[in-house]
Amino acid sequence: MIARVNVTDPAAYEEYKKLSPGAIAAYGGKFIARGGNLETMEGENETRRVVIVEFPDLDSARRCYNSPEYSAAKAKRANAADAQFIIVDGV
């Protein structure tokens, strides 16, 4: 799962950050990158927060995103950020 997030309310976004790790872990997810330093190497400069989460498979990522646990986290993020989430099958 890859997320690109434009945080509009940092204080409110902290509430999302508290809830999301537990929901992600419950479905076998593991953070690979979570908003660390970012350097655009080519193309348009990326200014959003980038998060990469590894799941055992696509189904686990889907179940996590649609779960009651993660829905609670998404509700906290709703007024704190604009986001794009995608899932992609790994190799």
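This is a tour of a predicted model, stop by stop, with a selection to make at each one.

**Before starting**

Residues are numbered from 1 along each chain as its sequence is written, and side-chain values use heavy atoms, with hydrogens and water left out. In this predicted model, local features need pLDDT of at least 70 and side-chain atom pairs count only at pLDDT 80 or more, while totals for chains, interfaces and linings use all residues.

Helices (H or I, at least four residues) and strands (E, at least two) are DSSP runs, numbered from the N terminus. Buried means under 20% relative accessible area, exposed means over 50%, and partly exposed is in between (1.4 Å probe, protein chains only). Residues touch, or pack against each other, when they are in contact, that is, when they have heavy atoms within 4.5 Å.

**Stop 1: helix α2**

Select residues 58-65, which form helix α2. Begin at the start of the helix, where a side-chain oxygen of Asp57 comes within 3.3 Å of the backbone nitrogen of Asp59. This is a polar contact: a pair of N or O atoms within 3.5 Å, where, within protein, one must be able to donate a hydrogen and the other to accept it, and residues adjacent in sequence count only if both atoms are side-chain atoms.

Now colour Ser60, Ala61 and Cys64, which are buried in α2. Looking down the axis of α2, its buried residues fall within an arc of 100°, so they line one face of the helix. The arc is that of the directions from the helix axis to the C-beta atoms. To see what that face meets, add α1 (10-26) and α3 (68-77), against which the buried residues of α2 pack.

**Stop 2: helix α3**

Keep α3 on screen and pick out its buried residues, Tyr70, Ala73, Lys74 and Arg77. Seen down the axis of α3, its buried residues fall within an arc of 105°, so these too line one face of the helix. Show α1, α2 and β4 (81-86) as well, since the buried residues of α3 pack against them.

Lys74 touches Tyr16 and Tyr65, leaving out residues up to four places away in sequence. For a distance to draw, join the C-alpha atoms of Lys74 and Arg4: the two residues are 70 residues apart in sequence and 14 Å apart in space.

Turn to the face of α3 that points away from its buried side, where the exposed residues Pro68 and Ala75 are found. Pro68 has a relative accessible area of 66% and so is exposed. From Pro68 to Glu44 the C-alpha atoms are 35 Å apart, with the two positions 24 residues apart along the chain.

**Stop 3: two neighbours in helix α1**

Select Leu19 and Ser20. Is Ser20 buried or exposed? Ser20, in helix α1, counts as buried because its relative accessibility is 2%. Ser20 touches Arg34, Tyr70 and Ala73, not counting residues up to four places away in sequence.

Leu19 is also found in helix α1, but is partly exposed, at 37% relative accessible area. Under the same exclusion of residues up to four places away in sequence, Leu19 touches Ala72, Ala73 and Lys76.

**Stop 4: the cavity**

On a 1 Å grid over the protein atoms alone, a cavity is a set of points where a 1.4 Å probe fits but cannot get out; a pocket is an open set with protein on both sides within 12 Å along at least five of seven lines; lining residues have an atom within 4 Å of a point. Grid points are joined across faces, edges and corners, and a volume is the space filled by probe spheres set on the points.

The structure holds 1 cavity of 30 Å³ or more, and the largest cavity contains about 100 Å³ of space. Select Tyr13, Tyr16, Phe31, Val51 and Phe85, which lie nearest its centre among its 15 lining residues. Which element supplies the largest share of this lining? Helix α1 does, with 5 residues.

**Stop 5: the pocket**

The largest pocket has a volume of about 260 Å³. Of its 14 lining residues, select Met1, Glu54, Phe55, Val88 and Gly90, the closest to its centre. The elements giving two or more residues to this lining are β3 and α2, and β3 gives the most, 3 residues.
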